[in-house]
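Reader: I'd like a close look at one part of this structure, the place where two helices from separate chains pack together. Could you walk me through it and then show me what surrounds it?

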There are 2 protein chains.
Amino acid sequence: MSRTVDTLLVVGLGLIGGSLVAALRGTGFARRITAYNRNRASLDYALGAGLIDAAPRSLEEAVAEAGLIVVGVPTLTVGAVFETIRVHGRPDVLITDVASVKGSVVQAAAQVFGQVPPRLVPGHPIAGAEKSGVEAARAGLFERHRVILTPLADTDAEALTTVEAMWRLTGAEVVRMEVAAHDRILALTSHLPHVLAFALVDSLARQSASDDIFRFAAGGFRDFTRIASSDAVMWRDIALANRGALLDAIDGFTVTLDALRAAVAAGDGATLEQVFVRARSARERYLRWLEQGIQK
Amino acid sequence: MSRTVDTLLVVGLGLIGGSLVAALRGTGFARRITAYNRNRASLDYALGAGLIDAAPRSLEEAVAEAGLIVVGVPTLTVGAVFETIRVHGRPDVLITDVASVKGSVVQAAAQVFGQVPPRLVPGHPIAGAEKSGVEAARAGLFERHRVILTPLADTDAEALTTVEAMWRLTGAEVVRMEVAAHDRILALTSHLPHVLAFALVDSLARQSASDDIFRFAAGGFRDFTRIASSDAVMWRDIALANRGALLDAIDGFTVTLDALRAAVAAGDGATLEQVFVRARSARERYLRWLEQGIQK
């Protein structure tokens, strides 16, 4: 029952990886915490802030000594890190990741390793913000938030237990879900809203006199478009990695939007009111979930 | 140069009207402040809170004694209030309103009065929230926010000066704009985002297992859908009143969304990244406007 590890390595030290190691410091979960990042400035920051014990000069070196590797790179780069793990990793290494799409991670693992390694536990902490980078990391980021793990039928039970234990130490609630269910739900609640926010802001920015338009936007606009300040490369990767579920989500949304457009065009106030009332009450239900404790 | 009034009447005492009288208390702008509201509970609250001096029993009575009337009822009800003002109002009465659409107000005034009265100054404070009702009113609501006035060519200069003076006393910045420009800009920055938020939440609520979907929605979803908690009747009216500009806004958005959908379907990461980068930088520009002092 190994619920602690010798060397924990985070590959890709941004908001999520940095907050994870910040939360794990002093818990005794890992005897030693290391990190690798293409941009050395993040590593220097993390070393200076006492978040990590060491920052090996190469990914190969970092991978070779790690007992648990948390892959925190952009979704479509996960496969390249898997390849380095395949070549340089210990035979007993545990692997998990934090990518927002799980189907593409499982697919990349199957391609690189020939089959999905039983000691790989795909994961996704439902946390984060429009901020990014290790400088925004904080130990409390995952408290009262959910972490979804999507183990497969032959995932190693002890690997799963260890990864669950790690996330529980951060204050998160860990839930298990099937890969496809995860990707469908996240497409609807996260990937689609991001696409809509990016589309809205871009649509306004390309209007004539767009500065005047933004100048008169009210506070509701700031909240609505907050997620359009998210990292472009990260979201490009997510959109591509979760293509099927995202297209379904866009199409479902478009059906609703078309119906609302038709009601506006027809002056059909009854339909508009009905949809608005239904949406408002669904959101109230959602807020009650939030209040019941998770994902503040 | 009458920059004060004898009796100020607010018709429709909700968040906006209540916050306006709260901000004007003690400024000397009005010798006396009254209000009329279909729901008497709001008036009792306002009397109890010392926001207003009197609450006449009927709209006719309230209108008959008022020197300045602020019409704060839902957009499509403005015309009915104008009709009472036409029959019972003083010949020297000044009128302004706070509706989110200005074209429909001007049109209603022309229908009721035969022509738009020179002493009517259409207005729209860019403030508010998903909250509503006089209980949410606060004197500081308009501070550092913009109030848009849309006078016509023959609007009375003194009426305009008085209404401007009133809003400046609340801490707002007053700007003038043409009716059509106002309605186009608000369609893009406010009415369209509300329709999108309502459509998204409704689209998710109608999915199978929608409770699971909302249960796993992250914090970004809460911000993105905040405006879907807005009052359904108020937004039904706005959507109908600003039909033309809203349809244009929906169509412009749909073009952008369709292009993003096509890029996702084609696996065209370059286009996705380009749009996301452009949107993000447009939003940063918008945030700089906000920081420069207005609309915190």
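Author: Start with helix 12 of chain A and helix 10 (residues 232-241) of chain B: in this predicted model, their axes lie 9 Å apart and the helices pack at an angle of about 140°. With that angle, helix 12 of chain A and helix 10 of chain B are oblique to each other, because only angles over 145 degrees count as roughly antiparallel. The crossing of helix 12 of chain A with helix 10 of chain B is right-handed.

Who touches whom here? On one side, helix 12 of chain A brings A:Gly269, A:Leu272, A:Glu273, A:Phe276, A:Val277 and A:Arg280. Facing them from helix 10 of chain B are B:Ala232, B:Val233, B:Trp235, B:Arg236, B:Ala239 and B:Leu240. Sorted by class, this contact holds 8 nonpolar, 1 polar and 3 charged residues. As for the spacing of such contact residues, an α-helix has 3.6 residues a turn, so residues three or four places apart point the same way.

Now flip over to helix 10 of chain A. In that helix, 9 of the 10 residues are buried, so it is largely enclosed by the rest of the structure. The buried set is A:Ala232, A:Met234, A:Trp235, A:Arg236, A:Asp237, A:Ile238, A:Ala239, A:Leu240 and A:Ala241. What do these residues pack against? From chain A there are helix 5 (103-113), helix 7 and helix 11, and from chain B there are helix 11 and helix 12 (269-291). That means the buried residues of helix 10 of chain A have packing partners in both chains.

Back in chain B, have a look at what comes after helix 10. B:Asn242 sits in the loop between helix 10 and helix 11 of chain B. It's a loop residue, but B:Asn242 has 28 C-beta neighbours inside 10 Å and so counts as buried. Setting aside neighbours within four places in sequence, B:Asn242 is in contact with B:Val101, B:Asp183, B:Ala187 and B:His191. Take B:Ala187: it is 55 residues away from B:Asn242 along the chain, yet their C-alpha atoms are separated by 7.3 Å.

Next door in sequence is helix 11, and here the two chains put matching residues together. The axes of helix 11 of chain A and helix 11 (residues 243-266) of chain B come within 11 Å and cross at roughly 165°. That makes helix 11 of chain A roughly antiparallel to helix 11 of chain B, and their crossing is left-handed. Chain A supplies A:Arg243, A:Leu246, A:Leu247, A:Ile250, A:Arg261, A:Val264 and A:Ala265, which meet B:Arg243, B:Leu246, B:Leu247, B:Ile250, B:Arg261, B:Val264 and B:Ala265. This contact has 10 nonpolar residues, 4 charged ones and no polar ones.

Zooming out, these helix pairs belong to an interface in which 73 residues of chain A are in contact with 73 residues of chain B. On the chain A side, the elements giving two or more residues are helix 7 (179-205), helix 8 (210-215), helix 9 (219-224), helix 10 (232-241), helix 11 (243-266) and helix 12 (269-291). That side has 44 nonpolar, 13 polar and 16 charged residues. Chain A as a whole comes to 12 helices and 8 strands, and 56% of its 296 residues count as buried.

Definitions and conventions
Residues numbered from 1 in each chain as written. Chains lettered and ligands numbered in written order. Predicted model: local features only at pLDDT ≥ 70, side-chain atom pairs only at ≥ 80, totals over all residues. Contact = placed C-beta atoms within 7 Å. Helix = DSSP H or I, 4+ residues; strand = E, 2+ residues; numbered from the N terminus. Nonpolar A, V, L, I, M, F, W, Y, C, P; charged D, E, K, R; others polar. Buried ≥ 20, exposed ≤ 12 C-beta atoms within 10 Å, placed from the backbone. Axes fitted to C-alpha atoms, helices over the stretch in contact; angles between N-to-C directions. Parallel < 35°, antiparallel > 145°, perpendicular 65-115°, else oblique. Left-handed = near helix turned anticlockwise from the far one by under 90°.
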